[in-house]
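Reader: Please take a close look at one part of this model. Then show me what lies around it.

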Amino acid sequence: MKILVCITHVPDTTSKINFTNNNTKFDSNGVQFIIGPYDDYALARAVELKETSSAAVTVLNVGLAETEPTLRKALAIGADDAIRINADPADAYFVAYQIAEYARPIGYDLILMGRESIDHNGGVVHGLVGELLGMPSVSPVMKLDIDGTRAKLAREIEGGKEMLETNLPLVAGCQEPIAEWKIPNMRGIMSARTKPLLVVEPKGVDSGIKLQKFELPAPKSSVKMISSDNVSELVSLLKNEAKIL
Amino acid sequence: MAILVFVESAEGKIKKTSIEAVAFAYGMGGPVTAIALGAAEKSELEALGKYGAEKVLHVSDDRLSQGIIQAYAAVLEQALKDENATMLVLANSSLGTPVAARIAARIGASLASNVIELPNTSAGFVVKRSIYTGKAFAWVELTNEKKVITIRKNAAEMKEVAGAAQVTPYSVTLSDADFTTKITSAEKATGEVLLPEANIVVSGGRGMKGPEHWSILEELAKTLHAATGCSKPVSDMGWRPHHEHVGQTGVKVAPQLYIAVGISGAIQHLAGVNSSKCIVVINKDPEAPFFKAADYGIVGDAFEIIPKLTEAIKAAK
């Protein structure tokens, strides 16, 4: 079984967000980058499947040279080889198109990724890749088991979950609790250094999306504290000031 | 140019987030045609007229009573053609967003998800998206003639504008290939207010000291007609089900009012709630970082404050 895991290279969840170049570029100054948390679940499940079957796991990122340490970390966690598509991941369609173009001739049985990236929060790349490759796509997936060419999945829905079955090949957008995050061990880190990391040039495409600018939210006004002896004051504030109740 | 809106239903009722999508499309200038798949009550479909839908296409094919993503995309492709529509609006939901992706790739549309405001059409078609889990926004232009957008909860102004919509049966020829994915069963909380759709959310953290203490939060939630949520440690410890986990890697909520009880306010939790209109924090630790993100705060013992708050709300009604 051939598994492709697509990962994003995103700011750590505790990062302070700022922009430069007249609010058109993310300010990476002093920011720690990580494998997207949802992608990390996808990768962990792929490595588990590799341990229980004879799967080969390729990890892919659409990004510029600075994302290579993130790909090396994925290799340390257990992927066999890595692909970097050498382009700025400008928008969801652009990224999905690059993934689909790369994957099509290889014929993966399973393409896993996070349910969404934590930078642009699109949640659409899996669906786009599925459609571009003519494969079923399921997201957000909480459970994934493979039985021959059948996949059994659980998908989170509002207020619950649904169980699904479909045939491979399949694209899945993953989230917890599909697998436990894996922390690379020393042997993994050592072997990651020599595992293949291939750089592929992107294909040209018009995604129909143009970024104009970024914007930060207005600063929050300070909190109004209410005495614990006077809970009814909160109710009247919610009613008369916030106009909610 | 007609705008097509995909509306979702559950147990025959139209989902609130889908009604918001209809109101949003009306706000864009319509005319609005809604399309509903599977079982939905006729009165519910007609009521979409109140929020601006002129016409509702109803596809009552039994195979579509469950949300099969590929099949839904196939139906929407045909409906866009038949309605001569180039614009599709969906709710940003566990079904709406994946369907939006497939239909956009299928028809070559510009795609933007998580849209939070009406588009600016003074020059081109520009939407504001929520990014970095609510910590920033992006303004993006959709340049293709065909466009697909998903809108986040509370993006639309809800006002009643007209009467009943005209409901028309609609059918699409689907192939077996559209149904290769099968839903075998579903588990769903019933009779409660669903967290992603709630206008008010009451959330508890580790400060609640154990699942046996949730009844006071549930009582408060019931009084407010609110959904209950929780922090990540609470769902990780199994005190509450996973679908109640609010935060960076859980459900992102955007209610009118978010009440956080015994949650310290880790940045990953704040990422899931920072789109709330008003935040109330109740915590015994005056240094809890959540207070900095709150509109109103009370320092004290939740086990004393929550029952008092419930009583005060009942008294004020």
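Author: Start with burial. A residue counts as buried if 20 or more other C-beta atoms lie within 10 Å of its own, as exposed if 12 or fewer do, and as partly exposed in between; the C-beta atoms are placed from the backbone. B:E54 has 16 C-beta neighbours inside 10 Å, so B:E54 counts as partly exposed.

This is a predicted model: local features need pLDDT of at least 70, side-chain atom pairs count only at pLDDT 80 or more, and totals for chains, interfaces and linings use all residues. Residues are numbered from 1 along each chain as its sequence is written, while chains are lettered from A and ligands numbered from 1 in the order in which they are written.

Stay with B:E54. Its home is strand β5 of chain B, residues 53-59. Strands here are DSSP runs of E with at least two residues, helices are runs of H or I with at least four, and both are numbered from the N terminus. Which residues does B:E54 contact, leaving aside neighbours within four places in sequence? They are B:P31, B:V32, B:T33, B:A165 and B:Q166. Contact means that two C-beta atoms, placed from the backbone, lie within 7 Å. B:S18 is 36 residues away from B:E54 along the chain, and their C-alpha atoms are separated by 15 Å.

Now step back to chain B. It holds 8 helices and 17 strands. Its radius of gyration, taken over C-alpha atoms, is 21 Å. The globule rule (2.2 Å times the number of residues to the power 0.38) gives 20 Å for 317 residues, so chain B is as compact as a globular protein of that length. Its C-alpha atoms fill a box of roughly 60 × 45 × 40 Å along the principal axes. Of its 317 residues, 57% are buried. Take the contacts between residues at least 6 apart in sequence: 66% of them join residues at least 24 apart.

Next, the domains. Chain B splits into domain 1 (3-179) and domain 2 (195-316), with bounds from an automatic or database domain assignment. Their C-alpha centres lie 31 Å apart. Where they touch, 11 residues of domain 1 meet 8 residues of domain 2. The domain 1 side has no nonpolar residues, 6 polar and 5 charged. Nonpolar means Ala, Val, Leu, Ile, Met, Phe, Trp, Tyr, Cys and Pro; charged means Asp, Glu, Lys and Arg; the others, Gly among them, are polar.

Chain A joins in too. The contact between the chains takes 64 residues from chain A and 73 from chain B. On the chain A side, strand β11 (residues 160-167) gives the largest share, 8 residues. That side divides into 31 nonpolar, 19 polar and 14 charged residues.

The chains also share a sheet. Strands pair if DSSP finds at least two bridges between them. Strand β15 of chain A (residues 224-226) runs parallel to strand β17 of chain B (residues 296-299), with 3 bridges. There A:K224 stands opposite B:Y296, and A:I226 stands opposite B:I298. The full open sheet has 6 strands in the order β15(A)-β17(B)-β16(B)-β15(B)-β13(B)-β14(B), with parallel pairing. β15 of chain A and β14 of chain B stand at the edges with a single partner strand each, so one side of each is left without a neighbour in the sheet.
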